[in-house]
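Q: Could you take me through one part of this model in detail? I'd like a close look at the main nonpolar core and what packs around it.

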Amino acid sequence: MSTEKTIEWEALRRAAQRAAGNAYAPWSRLHVGAAALTELGSVVTGCNVENASFGLSLCAECGLVSALRSGGAERLLAVSVVTEDGRPLAPCGRCRQLLLEHGGPQLPVDGGPDSQPISLAELLPGAFDASELSRRQP
(Lines give C-alpha, C1' and ligand atoms only; values in the text may rest on other atoms or scores of the structure.)
Protein backbone atom coordinates (compact mmCIF):
# COMPACT_ATOMS: atom_id res chain seq x y z
CA MET A 1 0.00 0.00 0.00
CA SER A 2 1.51 3.31 -0.96
CA THR A 3 0.60 6.41 0.94
CA GLU A 4 2.12 9.82 1.45
CA LYS A 5 1.39 9.62 5.17
CA THR A 6 4.06 8.03 7.34
CA ILE A 7 2.79 5.22 9.52
CA GLU A 8 4.16 5.56 13.02
CA TRP A 9 3.41 2.08 14.32
CA GLU A 10 4.68 2.70 17.86
CA ALA A 11 2.39 5.73 18.20
CA LEU A 12 -0.57 3.68 16.95
CA ARG A 13 0.25 0.92 19.44
CA ARG A 14 0.37 3.43 22.30
CA ALA A 15 -2.97 4.94 21.24
CA ALA A 16 -4.50 1.46 21.03
CA GLN A 17 -3.11 0.57 24.45
CA ARG A 18 -4.63 3.73 25.96
CA ALA A 19 -7.97 2.83 24.37
CA ALA A 20 -7.71 -0.70 25.80
CA GLY A 21 -7.51 0.90 29.25
CA ASN A 22 -11.06 2.16 28.69
CA ALA A 23 -12.48 -1.22 27.69
CA TYR A 24 -15.49 -2.69 29.47
CA ALA A 25 -14.65 -6.38 29.78
CA PRO A 26 -16.03 -7.74 33.05
CA TRP A 27 -16.56 -11.26 31.67
CA SER A 28 -13.54 -12.04 29.51
CA ARG A 29 -11.23 -9.58 31.29
CA LEU A 30 -9.53 -9.18 27.91
CA HIS A 31 -9.19 -5.42 27.46
CA VAL A 32 -8.62 -4.62 23.78
CA GLY A 33 -7.90 -1.34 22.05
CA ALA A 34 -7.62 -0.45 18.40
CA ALA A 35 -6.08 2.62 16.80
CA ALA A 36 -5.88 3.59 13.15
CA LEU A 37 -4.43 6.28 10.97
CA THR A 38 -7.08 7.79 8.69
CA GLU A 39 -6.86 9.33 5.26
CA LEU A 40 -7.22 12.74 6.93
CA GLY A 41 -4.09 12.13 9.00
CA SER A 42 -5.98 11.73 12.26
CA VAL A 43 -5.86 8.79 14.63
CA VAL A 44 -9.12 7.13 15.65
CA THR A 45 -9.48 4.61 18.45
CA GLY A 46 -11.94 2.13 19.85
CA CYS A 47 -12.14 -0.34 22.73
CA ASN A 48 -14.12 -3.49 23.33
CA VAL A 49 -17.42 -3.20 25.19
CA GLU A 50 -18.83 -6.48 26.46
CA ASN A 51 -22.43 -7.23 27.25
CA ALA A 52 -23.98 -9.87 29.52
CA SER A 53 -25.66 -11.14 26.35
CA PHE A 54 -22.34 -12.06 24.75
CA GLY A 55 -23.59 -11.72 21.17
CA LEU A 56 -24.16 -8.01 21.75
CA SER A 57 -20.56 -7.35 22.75
CA LEU A 58 -18.62 -4.93 20.58
CA CYS A 59 -15.02 -5.45 19.56
CA ALA A 60 -12.54 -2.59 19.68
CA GLU A 61 -12.51 -2.44 15.90
CA CYS A 62 -16.29 -1.79 15.88
CA GLY A 63 -15.75 1.32 17.98
CA LEU A 64 -12.84 2.34 15.78
CA VAL A 65 -14.93 2.16 12.58
CA SER A 66 -17.71 4.13 14.26
CA ALA A 67 -15.20 6.80 15.32
CA LEU A 68 -13.80 6.86 11.77
CA ARG A 69 -17.17 7.66 10.26
CA SER A 70 -18.38 10.02 12.98
CA GLY A 71 -15.11 11.95 12.68
CA GLY A 72 -15.68 12.58 8.97
CA ALA A 73 -13.02 10.27 7.53
CA GLU A 74 -13.85 7.49 5.13
CA ARG A 75 -10.71 5.35 4.82
CA LEU A 76 -8.28 3.67 7.15
CA LEU A 77 -4.61 3.71 6.18
CA ALA A 78 -3.16 1.52 8.95
CA VAL A 79 -4.48 -0.22 12.06
CA SER A 80 -3.06 -1.57 15.31
CA VAL A 81 -4.98 -3.79 17.72
CA VAL A 82 -3.47 -4.56 21.13
CA THR A 83 -4.39 -5.85 24.55
CA GLU A 84 -4.06 -3.71 27.66
CA ASP A 85 -0.46 -4.83 28.12
CA GLY A 86 0.39 -3.51 24.64
CA ARG A 87 0.81 -6.88 22.93
CA PRO A 88 -0.65 -7.11 19.39
CA LEU A 89 -3.86 -9.05 18.87
CA ALA A 90 -5.16 -10.22 15.50
CA PRO A 91 -8.62 -8.93 14.62
CA CYS A 92 -11.37 -11.55 14.73
CA GLY A 93 -13.14 -12.59 11.52
CA ARG A 94 -16.03 -10.16 11.94
CA CYS A 95 -13.63 -7.29 12.53
CA ARG A 96 -11.49 -8.25 9.56
CA GLN A 97 -14.62 -7.85 7.46
CA LEU A 98 -15.34 -4.42 9.02
CA LEU A 99 -11.77 -3.27 8.43
CA LEU A 100 -11.91 -4.49 4.83
CA GLU A 101 -14.96 -2.33 4.15
CA HIS A 102 -13.21 0.78 5.47
CA GLY A 103 -9.58 0.17 4.59
CA GLY A 104 -9.49 -2.23 1.67
CA PRO A 105 -7.51 -5.42 1.16
CA GLN A 106 -4.12 -3.68 1.28
CA LEU A 107 -4.77 -2.15 4.72
CA PRO A 108 -1.68 -2.92 6.81
CA VAL A 109 -2.39 -4.49 10.19
CA ASP A 110 0.27 -4.10 12.88
CA GLY A 111 2.17 -7.25 13.72
CA GLY A 112 3.97 -5.70 16.67
CA PRO A 113 7.44 -4.22 17.15
CA ASP A 114 9.19 -7.48 16.17
CA SER A 115 7.08 -8.25 13.09
CA GLN A 116 6.20 -6.63 9.81
CA PRO A 117 2.64 -5.42 9.24
CA ILE A 118 0.44 -7.87 7.38
CA SER A 119 -2.11 -6.86 4.78
CA LEU A 120 -5.76 -7.46 5.44
CA ALA A 121 -5.86 -9.54 2.22
CA GLU A 122 -3.43 -11.95 3.88
CA LEU A 123 -5.56 -12.10 7.03
CA LEU A 124 -8.83 -12.46 5.10
CA PRO A 125 -8.22 -14.37 1.86
CA GLY A 126 -11.18 -14.72 -0.48
CA ALA A 127 -13.02 -11.92 1.31
CA PHE A 128 -16.63 -11.02 0.63
CA ASP A 129 -16.75 -7.38 -0.44
CA ALA A 130 -18.92 -4.87 -2.29
CA SER A 131 -17.90 -6.32 -5.66
CA GLU A 132 -19.73 -9.52 -4.71
CA LEU A 133 -22.93 -7.54 -4.37
CA SER A 134 -22.54 -5.54 -7.57
CA ARG A 135 -21.80 -8.69 -9.62
CA ARG A 136 -25.09 -10.17 -8.49
CA GLN A 137 -27.34 -7.19 -9.21
CA PRO A 138 -30.08 -7.95 -11.73
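A: Here is a walk through that core, followed by a short detour to the aromatic rings. Keep in mind that this is a predicted model.

Let's start with who is in there. The largest nonpolar core has 19 residues, and the members touching the most others are Leu64, Leu76, Val79, Leu99 and Leu120. Several elements chip in: β1 (32-38), α2 (60-70), β3 (76-83), α3 (93-103) and α4 (120-123) each supply at least two residues of this core. The largest share comes from α2, with four residues.

So α2 deserves a look of its own. Its buried residues are Ala60, Glu61, Cys62, Leu64, Val65 and Leu68. As for what they lean on, the buried residues of α2 pack against β1, β2 (43-47), β3 and α3. Just past the end of that helix, Gly72 takes a positive phi of about 95°.

Now for Val79, one of the core members with the most partners. Setting aside neighbours within four places in sequence, Val79 is in contact with Trp9, Ala35, Ala36, Leu64, Leu99, Leu107, Pro108, Val109 and Asp110. Leu64 and Leu99 are on that contact list, and both are also among the residues that touch the most other core members.

Apart from the largest core lies another one, made of seven residues, including Leu12, Ala16, Ala78 and Val82.

Then there are the aromatics. The structure holds two aromatic pairs. Tyr24 and Trp27 make an edge-to-face pair, 6.1 Å centre to centre with 85° between the planes. Trp27 also pairs edge-to-face with Phe54, at 6.4 Å centre to centre and 80° between the planes. That second pair links distant parts of the chain: Trp27 sits in the loop between α1 and β1, Phe54 in the loop between β2 and α2, 27 residues apart. Taken together, Tyr24, Trp27 and Phe54 form one aromatic cluster.

How covered up are these rings? Tyr24 counts as partly exposed because its relative accessibility is 44%, and Trp27 is partly exposed too, at 40%. Phe54 has 57% relative accessibility, so it counts as exposed.

One last stop is Arg29, which is in the loop between α1 (9-20) and β1. Arg29 has a positive phi of about 60° although it is not a glycine. With a relative accessibility of 64%, Arg29 counts as exposed.

Methods
Residues are numbered from 1 along each chain as its sequence is written. This is a predicted model: local features need pLDDT of at least 70, side-chain atom pairs count only at pLDDT 80 or more; totals for chains, interfaces and linings use all residues. Side-chain values use heavy atoms; hydrogens and water are left out. A nonpolar core is a set of buried Ala, Val, Leu, Ile, Met, Phe, Trp, Tyr and Cys residues joined through side-chain atoms within 4.5 Å. Buried means under 20% relative accessible area, exposed over 50%, partly exposed in between (1.4 Å probe, protein chains only). Contact means heavy atoms within 4.5 Å. Rings of Phe, Tyr and Trp (its six-membered ring) pair if their centres lie within 6.5 Å; planes under 30 degrees apart count as stacked, over 60 as edge-to-face and the rest as tilted.
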